[in-house]
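Q: I have a structure open and keep running into labels like buried and exposed. Can we go through some of them and see what each one rests on?

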Amino acid sequence: MTEAPIPETASDAGALKAADLIRDEARRAPDKPGVYRMYGEDGTCLYVGKARSIKKRILQYAQGRFHTQRIGLMVSLTRSMELVVTASETEALLLESNFIKKLKPRFNVVLRDDKSFAELMIRRDHRAPQVRKHRGAHATPGDYFGPFASTWAVNRTLTTLQKAFLLRSCSDSVYETRTRPCMLHQIKRCSAPCTGLISLEDYGDLVEEASLFLRGKSRAVIGRLSAEMSAAAEAMDYEQAARVRDRIRALSAISMENSVSADSVAEADVFALFSEGGQACVQVFFYRGGQNWGGRAYFPRVDRSDTDPEILAAFLGQFYEDKPIPRLVLSNVRPHELELLEEAFSMKAGRKVEIANPRRGDKLNLVDHALTNAREALGRKMAEGSAQGKILDEVCEAFGLDSRPERIEIYDNAHIQGTNAVGGMVVAGPEGFQKSQYRKFNIRGEDLTPGDDYGMMREVMRRRFSRLVKDEDAGEEVVRPDLLLIDGGAGQLAEVLAVLADLGLDDIVAVGVAKGPDRDAGMEHFFMLGRRPFMLPLKSPALYYIQRLRDEAHRFANGAHRTRRSMDIKKNPLDEIEGVGPGRKKALLHAFGSAKGVGRASVADLVKVEGVSQPMAERIHAFFRKA
């Protein structure tokens, strides 16, 4: 992204010092294309940029009159630079996007919440190709179709493929061991190639029809099925005609739901950018084979000085850094350095990629539809942000905080009579729950009495905040919580405060949230150091918000506990016996049917099992009879 000039008045002593450093770097910099990274005093990346000439570009940073105030601040904070030379400016653009996505620099436009999209895959490495959902690299030979913007969309399409084309979705191991058709065949979602109810040649025809349908040839497929249904009806094979009719209905339903009016759009991604008040939303829709495969709204981190063409160019570069690029990209804004983007995308895709800004016709309708969604999504987000800010202000007032909390950590423990105990940490802030920050703690203190909630909370706090202190001492960038919410009363709060005091973190505000009489919502009592227990007004937005936070922590901790308990249940006692490896374990289970059967066996019976010696038999026998 190219920077605009800044007045000389924005340069201060820090900027001058940094400018000298940058000028020194420029003397050694090559007059070639490449990428430069600017780092602050703590080693965090401030900015990533690309240039046709690294030397000329970074020299501009040493000349104060050539920057905006934001870039001037960035220059003043710069303490070191790293340069990477590339063969061309196109390669520099691709590398820049990669660095921005990885490092998330403070002064760049940054794509946030960049989750991968699901695809459908028809595997081609098996005699009976399997259809299934897929995420990640295209490592398995097969046909890939997508992206689908939501799990719901890909699940619906997968179900349709099963109904319309009767393709198998089972794993290879299940396929190889079937001796009779499974339930999916009974409900007419699989043609059962595993048991020979359909020949592999006929099954291959179904696979090709499914592939044609996913490529947008739905009319041809439906026409062929209609002819097949008519032929079956004329031959008075009414059962076959009814089966084909059901397949046609399934195909017609999804074709009508997903179809778009733009017949000229065979494959395209549609982007619309709407920015207002220093915030931006980019809405993307995916069109494949004349079908709308869903969309998603993104809210990149931007600055008020960023122009729409710059925002969209930075967004597209990061968006396609790890995603397949279609032949056509439509947008409501002409991105900055469009020709360079097209060249970079074409190089990456291995074929021509066009970025178009339509002015009329069906393509403009698609872009306008995306723009409407972007405008509404940003409006909702800004409204939610405003409401969230007011709620956080109320939380600030209720608990006597100095300022609005930016990071709230909520803790809860889950166990059954002390077994499989798990502590859960949930994180929330001005933008809602931050699920990437959630943490679970498998409580393993050997000195804990089963069911000791106080001891469990003490262990969770010690592990969480000892790590925080350790990271701070190591010079790592750490965000301290502004508020801790603890599920519990005065006892749990006392344990938390004791741990914080031991670690020198007693400036962090902690609040105990105890359920009211009969565990009624709205009757919660709050406990804080230096205050008597208190309640919040029944209709207080802050109370509702804290209830939501507590419920989310409860849900997360219980889910982690269930997972741990499930894994514990699946453990086999034989795994704990020294010397019993997979081979002996298999032989013992084959001989006695189960671990219980092994436990009931005598030493004489155990010795008869292949691979079990007299000492090993005695060890196994003693293990099941230990006190």
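Q: What makes R480 count as partly exposed?
A: This is a predicted model, and in it R480 has 29% relative accessibility. Buried needs under 20% and exposed needs over 50%, so 29% falls in between and R480 counts as partly exposed.

Q: And why does D507 count as exposed?
A: The relative accessibility of D507 is 54%. The cut-off for exposed is over 50%, so D507 makes it.

Q: How do you know that R480 and D507 meet in a salt bridge?
A: Look at the N to O distance, which is 3.5 Å. The rule asks for a side-chain nitrogen of Lys or Arg within 4 Å of a carboxyl oxygen of Asp or Glu, so this pair fits.

Q: Why say that the pair ties together parts of the chain?
A: R480 lies in the loop between α14 (453–473) and β16 (483–487), while D507 lies in the loop between α15 (490–502) and β17, so the parts they tie together are 27 residues apart in sequence.

Q: What makes R37 and E82 a salt bridge?
A: Their closest N and O atoms are 3.1 Å apart, and the rule allows anything within 4 Å. This one links distant parts of the chain too: R37 sits in strand β1 (residues 34–39) and E82 in strand β3 (residues 80–85), 45 residues apart.

Q: Is R37 buried or exposed?
A: Buried. R37 has 12% relative accessibility, and buried means under 20%, so the label holds. Its partner E82 comes in at 37%, so E82 counts as partly exposed.

Q: What about D605 and K608, why is that called a salt bridge?
A: The N to O distance is 3.9 Å, and the cut-off is within 4 Å, so the pair counts. D605 is partly exposed because its relative accessible area is 34%. K608 is exposed, with 69%.

Q: How many salt bridges does the rule give?
A: The count comes to 26. There is also a network of salt bridges, which links D24, E25, R27 and R28.

Q: Which residues form the nonpolar patch with M523?
A: M535 and L538 join M523 on the surface, and together they have about 260 Å² of accessible area. M523 lies in the loop between β17 (509–514) and β18 (525–527).

Q: Why does M523 count as partly exposed?
A: Its relative accessibility is 31%. That is in between the limits of 20% and 50%, so partly exposed is the label for M523. A patch residue needs over 30%, so M523 at 31% passes that test as well.

Q: How do you know that the buried residues of α2 line one face of the helix?
A: In α2 (residues 54–61), the buried ones are I54, R57, I58 and Y61. Seen down the axis, they fall within an arc of 85°, so they line one face. An α-helix has 3.6 residues a turn, so residues three or four places apart point the same way.

Q: What span does helix α8 reach, and what is expected?
A: Helix α8 (residues 200–214) has 15 residues and reaches 21 Å from first C-alpha to last, close to the 21 Å expected at 1.5 Å a residue. Its buried residues include Y203, L206 and V207.

Q: What share of the whole protein counts as buried?
A: That label goes to 46% of the 627 residues.

Terms used
Residues are numbered from 1 along each chain as its sequence is written. This is a predicted model: local features need pLDDT of at least 70, side-chain atom pairs count only at pLDDT 80 or more; totals for chains, interfaces and linings use all residues. Side-chain values use heavy atoms; hydrogens and water are left out. Patches are made of residues with over 30% relative accessible area and no salt bridge: like charges are joined within 9 Å, nonpolar side chains (Val, Leu, Ile, Met, Phe, Trp, Tyr) within 5 Å. Accessible areas come from the Shrake-Rupley method with a 1.4 Å probe; for residues, only the protein chains shown count as cover. Helices (H or I, at least four residues) and strands (E, at least two) are DSSP runs, numbered from the N terminus. Buried means under 20% relative accessible area, exposed over 50%, partly exposed in between (1.4 Å probe, protein chains only). The arc is that of the directions from the helix axis to the C-beta atoms. The expected span of a helix is 1.5 Å times one less than its number of residues.
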